[in-house]
Amino acid sequence: MVGSFEDAFCAAMLNPDLAAVVINEGFLQQSRHDAPVLRTLTSSIEPLEAADSALRLAHTLKRVRPELDLYLMSNRNVEELAGNPEADVLRRIFYSVEELLELHLAILEGVQDRFETPFFDNLKKYAQRPIGTFHALPIARGKSVFKSDWIRDMGEFYGTNLFLAESSATTGGLDSLLEPTGNIKRAQDKAARAFGADHVFFVTNGTSTSNKMAVQALISPGDIVIVDRNCHKSHHYGMVLAGAQPLYVEAFPMTEYSMYGAVPLKTIKQALLNLKAENRLHRVKMVDLTNCTFDGHIYNTRRVMEECLAIKPDLIFLWDEAWFGFARFSPFLRPRTAMGAANDIEAWIHVPKSVQAHEKQRTELGNNPSDEVLLKTRLIPDPREVRLRVYQTNSTHKSMSALRQGSMLFVKDVDFHTVEAQFHEAVFTHASTSPNQQLIASLDVARRQMELEGFGLVANAMEGAFAIRQAVASNPLISKYFSILGADKMVPAEYRESGFVDFLAPGGNWVVARRSLQEDEFCLDPTRMTLVCGTAGFDGTQFKGILANRYGIQVNKTSRNSVLFQSNINNTRSDVAHLIRVLVEISGEIDRGLSQGGANARKTFDARVKSLMTDVPDLPNFSRFHDGFRGDAGEKTNEGDIRSGFYAAYDAEGCEHIRLADAEIDRRLKSGPELVSANFVIPYPPGFPIMVPGQVITQETIDFMRKLDVKEIHGYDATEGLKLVCAEALAKLGDSHSRTHGIKAAAE
Ligand SMILES: Cc1ncc(COP(=O)(O)O)c(C=O)c1O
């Protein structure tokens, strides 16, 4: 029970156990308690009028905790209130206290609605029924396991339910993932509600598949896609499958740590403006970006979409939020998610002020603003023209309680009806006809958990991350050798317009952090922590091995001189304590080694640190597609026909191999013919393709590869060398390319 707007807001923010809120009209605005941080957050709220204070509170609560059920008890004209579209945020409206039992039942029903997991509930029922199976899948019911003398331990290990819940049938109410009409459909609809989407597809082969499905469904051969070159390989392969023309854009580099940040908005706008200048803007279908990146860079999703829509109002956005699904359940991070921003833009589109803002800017900019002006202006799209088409993929298994490979694809697209059939084709193309029941059930349950306790769990994950950051920064021994990179190190100042430095900077609090989250072009996911270990004399892979083998601590990713820790909804304070203990122990060992090893030990250590921290290779940008693989690209932009590049590798006669160390490489770089990659080459770490099929290989790429000291390089066999498209094959392509160009030019 609280008596004021501020106290209600505070309770919703601080009490994760809240499941529903009953708003009784007639409360004060300000808390009688002194709460300076809260006041800074609520200072922008205009004074409440008695007439609309309840609705204002309801909207505020819905914004910070959309999962909460809100009920209103009013002594006034409830019939009129119920007809007000603004009251849509309320689950039910009651007249005064006349219906307390109804209110009680409504609250329980609301919680039950979130608790219900249509697919999982039915799967449990199904598992308890006596069923004779005469279909393929002998493991279903477990008899082949439990009766076996040789594999019974598998049954004992996993328990009976796993086998009882296995089925290859879609009878017994199990529904079909390929064409859901029953409880999978209901489970997906609930997920759509929970994540703020219009539609959701459950995917049981990871976000690798969700991405390929989205690209296939939305892109036709020849469509141009503006895509972060540093994105997950599923996007690149999706482009190959779809026959898209990727126009690669580059993220800002963080050379010192051998990693990339995110793609600046200016770069994306420039790409669109270049295409416009060549009269090819109509060919651009999609902007495809990763939010947040592996290392935690979060885009200003709303700003990116609004500014791009101001240049091309029907652009589709595909946001790969493989790592960021949990963000929906943090009021701080939600506006930065694709669905969060899409909902905000949708609301903005319908406010009359938005048209005025657009018109005003159009008058100010005049008829033909230069690219320079457009690049530096925060563009406002025309809300009357915008077709809001937003897609988001998320590896539910990476940040919520879904089994490995559980992923969801969210849709918020006003024109979804025009591509729905294509999505069904994409499901048919990529989904197994034998999807795993347990995976589907876990997606259903993950949604239930997040709707009921996600808010608290995510807050906890963030708190754990802050505790780790704090301990590393303040412990005198750990901080001698290790550090966790703050926003100031991960995001160049030009993209931190708010001036935000880091979560732990003196004077920092959520008010300051929120300003950064609202305004900055990029900010940092607090749960992703880049721990620099090069300063302790370890490369990332080596340090990852030490943590795993000696201490049973697994980390997420490595770079040349860092490892990435991720806190999640699973972490406890004991986990944090263990990690800190381990870092203290390792730091202590280094310290002792150095003090006991004399000058030589210090010299070796310093040299190792220098090599890891300063002798780092420059990160090579995407060069260009070879002319034979440029399709009908224009002069100013560097998109290409990646599919024909990819299939060039299928022609063994037309390909050659040259070893990286071979002097032939240097000779060809100097005097040609050009070296053209026949396949993707993706070193881990860092994990981005330094070569894509059809790409011209430059000196920078070779230098980078020669300096790479990682063992895992996908697409590259050190004994055979680089796989290249032969000069003769390229010459033939060149001919057909100029022929196609000639024919097109003549036709035009
Ligand atoms: C940005 C990004 N997208 C997609 C994926 C693939 O997700 P999944 O492992 O669920 O297939 C990954 C995997 O690491 C990723 O980092």
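This section describes the second largest pocket and the aromatic contacts of a predicted model.

The second largest pocket encloses about 1,300 Å³ of space. Its lining comprises 43 residues, and those nearest the pocket centre are H232, F294, W323, K398 and N556. Two or more lining residues are contributed by each of α11 (206–218), β8 (259–260), α18 (396–399), α24 (540–551) and β17 (557–558). Of these, α11 supplies the largest share, with 4 residues. By class, the lining divides into 21 polar, 14 nonpolar and 8 charged residues.

Two of the residues nearest the pocket centre, W323 and K398, are also in contact through a charge placed over a ring: K398 lies over the face of W323, at 4.4 Å from the ring centre. R528 likewise lies over the face of W323, at 4.5 Å from the ring centre.

Aromatic pairs number 30 in the structure. One of them joins Y481 and F605 in an edge-to-face arrangement, with 6.1 Å between centres and 90° between the planes. This pair connects distant parts of the chain, as Y481 belongs to helix α21 (residues 478–481) and F605 to helix α25 (residues 573–613), 124 residues apart. Both Y481 and F605 are buried.

Y495 and F522 form a further pair, which is edge-to-face because the ring centres lie 5.3 Å apart with the planes at 70°. Here the link runs from the loop between α22 (487–490) and α23 (510–519), which holds Y495, to strand β15 (residues 522–524), which holds F522, the two residues being 27 apart. Y495 and F522 are both buried. In addition, ring pairs link Y237, F646, Y647, Y650 and F680 into a cluster.

How values were computed: Residues are numbered from 1 along each chain as its sequence is written. This is a predicted model: local features need pLDDT of at least 70, side-chain atom pairs count only at pLDDT 80 or more; totals for chains, interfaces and linings use all residues. Side-chain values use heavy atoms; hydrogens and water are left out. On a 1 Å grid over the protein atoms alone, a cavity is a set of points where a 1.4 Å probe fits but cannot get out, and a pocket is an open set with protein on both sides within 12 Å along at least five of seven lines; lining residues have an atom within 4 Å of a point. Grid points are joined across faces, edges and corners, and a volume is the space filled by probe spheres set on the points. Ala, Val, Leu, Ile, Met, Phe, Trp, Tyr, Cys and Pro count as nonpolar, Asp, Glu, Lys and Arg as charged, and the others, Gly among them, as polar. Rings of Phe, Tyr and Trp (its six-membered ring) pair if their centres lie within 6.5 Å; planes under 30 degrees apart count as stacked, over 60 as edge-to-face and the rest as tilted. Buried means under 20% relative accessible area, exposed over 50%, partly exposed in between (1.4 Å probe, protein chains only). A charge sits over a ring if NZ of Lys or CZ of Arg is within 6 Å of the ring centre and within 35 degrees of the ring normal.
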